[in-house]
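Hi,

Here is the structure I said I'd pass on. Have a look first, and my notes are below.

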Amino acid sequence: MGKIGTKLPGFCLNRIRPHVRVRSPTIQSKVDAASDVTKNNADKKAENSGNVGEEKAGGNGAIARKIMIVVDSSLEAKGALQWALSHTVQSQDKLVLLHVTKPSSSKLAGEEPSKDVAPRAYQLVHSLRNMCQLKRPEVQIEVAVVVEGNKEKGPTILEEARKQEVALLVLGQKKRSTTWRLLMMWAGNRVGGGGGGSVVEYCIQNASCMAVAVRRKSRKVGGYLITTKRQKDFWLLA
């Protein structure tokens, strides 16, 4: 005689699905803690590290930069100055107009000339300063006239930029032919920042601060061509 057992209702374990998601407090707390540490370190680094040519302005806490623009009587330099005033310079920034002139005698090499020795140079920079004050009266503007000494014009500009501790250096650039550009690419920095357009390339490649070369695109098309150490002839339509 066989045993008669009670039959239990069948069920499948695979059909049991969890409907409640459990969030691990341990993992989440580690993520939050790591995020707080990273944020605090970034804040401390931003407070302790001082950028060259930048300082905190009072009131709204904006960063006040010192921007140097190399000026002369050329249309390219005036175009770079107009671009800087309309696209780069902020109300809290300080603007430095730098003009490099050749010495009238060997005694003046490497020195800052007086108004009597270089009247045209001072007349030029002060006329440009007056133009800047009319267009941006809220910006503080300084002028600097430096005699090109034993060094060439390119190194002279960069030396003055380091002394002034500028954050941005702006130069006007002339339009050059394809042959000239290929020659500059082949020569590299061996041209040494001498006369002509090689001064701009030398300053861009060797400046310790951010250096920008500006050239007008054309009257028909409009805008500017911006050249930096990493970008060549970036078209800024403005």
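From the N terminus on, the elements go α-β-β-α-β-α-β-α-β-α-α-β-β-β, which gives six helices and eight strands. Keep in mind that this is a predicted model, so here is the confidence before anything else. Mean pLDDT for the chain is 74, with 56% of residues at 70 or more. The low point among the elements is helix α1 (residues 25–48), at a mean of 50, while β5 has the highest confidence, at 96. Two stretches I would not read much into: residues 8–16 stay under 50 and have zero contacts beyond four places in sequence, and residues 44–50 also stay under 50, again with zero contacts beyond four places.

Now the overall numbers. Of the 238 residues in the chain, 37% are buried. Among contacts with a separation of 6 or more, 65% link residues 24 or more positions apart. The accessible surface is about 16,400 Å², and carbon and sulfur atoms account for 52% of that.

On to the inside. The largest nonpolar core has 27 residues, and those with the most contacts within it are I69, L81, W83, L95, L97, V170 and V214. Elements giving two or more residues to this core are β2 (63–70), α2 (75–87), β3 (94–101), α3 (119–135), β4 (140–147), β5 (168–172), β6 (210–216) and β7. The largest share, six residues, comes from α3. If you want one residue to click on, try L81: beyond four places in sequence, L81 touches I69, L95, L97, L128, M131 and C132. There is also a second, separate core, with 22 residues, including V96, V166, V199 and A207.

Helix α6 (residues 198–206) is worth a look too. Seven of its nine residues are buried, so the helix is largely enclosed by the rest of the structure. The buried ones are S198, V199, V200, E201, Y202, C203 and I204.

Last stop, K232. Where does K232 sit? It is in the loop between β7 (224–227) and β8 (234–236). Setting aside neighbours within four places in sequence, K232 is in contact with Q205, I226 and T227. K232 and A213 are 19 residues apart in sequence, with 9.3 Å between their C-alpha atoms.

That's everything from me. Shout if something looks odd at your end.

Cheers

Terms used: Residues are numbered from 1 along each chain as its sequence is written. This is a predicted model: local features need pLDDT of at least 70, side-chain atom pairs count only at pLDDT 80 or more; totals for chains, interfaces and linings use all residues. Side-chain values use heavy atoms; hydrogens and water are left out. Helices (H or I, at least four residues) and strands (E, at least two) are DSSP runs, numbered from the N terminus. Contact means heavy atoms within 4.5 Å. A nonpolar core is a set of buried Ala, Val, Leu, Ile, Met, Phe, Trp, Tyr and Cys residues joined through side-chain atoms within 4.5 Å. Buried means under 20% relative accessible area, exposed over 50%, partly exposed in between (1.4 Å probe, protein chains only). pLDDT is the predictor's confidence in each residue, from 0 to 100. Accessible areas come from the Shrake-Rupley method with a 1.4 Å probe; for residues, only the protein chains shown count as cover.
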